[in-house]
Amino acid sequence: FGSSRASRNFFGSFRGCSIGIMGKVHGSLARAGKVKNQTPKVAKAEKKKRLTGRAKKRFTYNRRFVSVVKGGPKRGPNSNNK
């Protein structure tokens, strides 16, 4: 900014500045990890092994092109509507 007048108009007045150019932003470190410590621990469930390589390509091809429902609106890959 060229002059101090232009910057003062952009940021408001320097003394009673509501934006807070320099200051605390994210709270104190005393509360760090509060939410994580409050949540109950849940054991991880057993999951099916992920497909890799040729089998994954085959699965993706079948999902995209073979088992497509004819007619009706197109739906995205993340749609839950049946």
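**Pockets and overall architecture**

Arg 50, Leu 51, Lys 56, Phe 59, Thr 60 and Arg 63 form the lining of the second largest pocket in this predicted model. The space enclosed there amounts to about 160 Å³. Classified by residue type, this lining comprises two nonpolar residues, one polar residue and three charged residues. Leu 51 and Phe 59 are the nonpolar members, because leucine and phenylalanine both count as nonpolar. The charged members are Arg 50, Lys 56 and Arg 63, since arginine and lysine fall into the charged class, and Thr 60 supplies the polar contribution.

The largest pocket holds about 790 Å³ of space. Its lining consists of 17 residues, of which Arg 63, Val 68, Val 69, Arg 75 and Gly 76 lie closest to the pocket centre. Arg 63 thus appears in the lining of the largest pocket and also in that of the second largest. By class, the lining of the largest pocket is made up of seven polar, six charged and four nonpolar residues. Among the residues closest to the centre, Val 68 and Val 69 belong to the nonpolar class, Arg 63 and Arg 75 to the charged class, and Gly 76 to the polar class.

With regard to the fold, the chain contains three helices and zero strands, and the order of elements along the sequence is α-α-α. The chain has 82 residues, of which 2% are buried, where burial denotes a relative accessible area under 20%. The exposed surface of the chain is about 9200 Å², and 55% of this area is supplied by carbon and sulfur atoms.

Methods
Residues numbered from 1 in each chain as written. Predicted model: local features only at pLDDT ≥ 70, side-chain atom pairs only at ≥ 80, totals over all residues. Heavy atoms only, no water. Helix = DSSP H or I, 4+ residues; strand = E, 2+ residues; numbered from the N terminus. Buried < 20%, exposed > 50% of the residue type's maximum accessible area, 1.4 Å probe, protein only. Areas by Shrake-Rupley, 256 points an atom, 1.4 Å probe, with all protein chains shown as cover. 1 Å grid on protein atoms, 1.4 Å probe; cavity = no way out; pocket = protein on both sides within 12 Å on 5 of 7 lines; lining within 4 Å. Points joined across faces, edges and corners; volume = space filled by probe spheres on them.
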